[in-house]
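Welcome! Please take a look at the model below, and let us walk through a few of its residues together.

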Amino acid sequence: MARAQFSAETSADGAFVRQPNRFTGRVTADSDSPPGGGPDARGRWPLEAGRYRLVWCQACPWAHRAAIVRGLLGLDEAIGLATVDPIRDERGWRFTLDPGGRDPVLGIAYLSEAYLATDPGYAGRVTVPALVDTLTGQVVSNDYPQLTLDLSTQWRSLHRAGAPELYPAELRVEMDALMADVHRDVNNGVYRCGFATSQAAYDEAFTALFARLDALSERLSGQRYLMGDAITEADVRLFTTLVRFDAAYHGHFKCNRHKLTELPVLWAYARDLFQTPGFGDTVNFDHIKRHYYGTHPAINPTGIVPLGPDTAGWATPHGRG
Ligand SMILES: N[C@@H](CCC(=O)N[C@@H](CS)C(=O)NCC(=O)O)C(=O)O
């Protein structure tokens, strides 16, 4: 099998640059489209239980967010979940985990088929997460930050009874600022460390990453979750990076001032979330390690996947109740 050669885009000074998301359709409660219809003039698809399918890779932190939020809100019945193989081949993300190598609902073998069904001239990267319309086979969105916020705010009528309020209106201004800092320095910061091609770019990303983790430790030393005593989207976004930290980012991306397990507040906080239904049960360390170490030949040319670290510590008491 020819493996996909991920080549990160870097700017002239060696800093990692992320491509913009191509498909920014939204499923909203106020779409002007009738059930079964396509996007309205504003690009808003109708809200319908059972119509859309979330394609994720268990290795991917951006996709992992969407899977966690879907589960926490009880949208499992309303939105189907399709899981791709953590290793891409030359055509990209594959449904090899499904019988016959095809997603049983979409009927496709590669996620790229859905991208091309939406835009036959699409030449960008095919990324997860992707929300796909099962009626047309088209990609509604690969805009991962908007996708999860919409699950909270637009899909409300289909949430389970007692679902958490992950994006509370009164906290949004503070949350948006916090999530932007966490995105820049932590979620994307680990990629900026790992894919830097100059010492200066790496040094800058590394310093910002650990300064932010120190600030987050401080914040979380006085409260259980990032926004207080209830889980919000901000916790989901931080969790998906923390849970990959020692398994992938510490070694593979050279984020090695400390391991997560050496940062006592963040380690207890991450374990607390891990042990919360909807978090740890979505984590697949095998997929995480095989994806990162196995598919970035520029930074791990041998493709050897480390056997460690021991993940037994995730189940130990966190003491934060
Ligand atoms: N769509 C976003 C985030 C999602 C993303 O980067 N997903 C990764 C997996 S973690 C992916 O699908 N990569 C496939 C590729 O780059 O070809 C982006 O391009 O920045």
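Where is C60 found? In this predicted model, C60 sits in the loop that runs between strand 5 (52–56) and helix 1 (61–72). Is C60 buried or exposed? Its relative accessibility is 9%, so C60 counts as buried, the cut-off for buried being under 20%.

Now look at what surrounds this cysteine. Leaving aside residues up to four places away in sequence, C60 touches V128 and R244. You can also find P86, which is 26 residues from C60 along the chain; the C-alpha atoms of C60 and P86 are separated by 8.4 Å.

V128 is a good place to continue, as it leads to a feature of the backbone. The peptide bond from V128 to P129 is cis, and its omega is near 0°. P129 itself belongs to the loop between helix 2 (111–118) and strand 7 (130–133).

Which residues does another cis peptide bond join? They are G308 and P309, with an omega of about -5°. To find P309, go to the segment after helix 9 (285–295).

Why pause at such spots? Most peptide bonds are trans, and most residues other than glycine have a negative phi. With that in mind, turn to K254, a residue other than glycine whose phi is positive, near 60°. K254 lies in the loop between helix 7 (233–252) and helix 8 (264–274). Its relative accessible area is 42%, so K254 is partly exposed, whereas C60, where we began, is buried.

Notes
Residues numbered from 1 in each chain as written. Predicted model: local features only at pLDDT ≥ 70, side-chain atom pairs only at ≥ 80, totals over all residues. Heavy atoms only, no water. Helix = DSSP H or I, 4+ residues; strand = E, 2+ residues; numbered from the N terminus. Buried < 20%, exposed > 50% of the residue type's maximum accessible area, 1.4 Å probe, protein only. Contact = heavy atoms within 4.5 Å.
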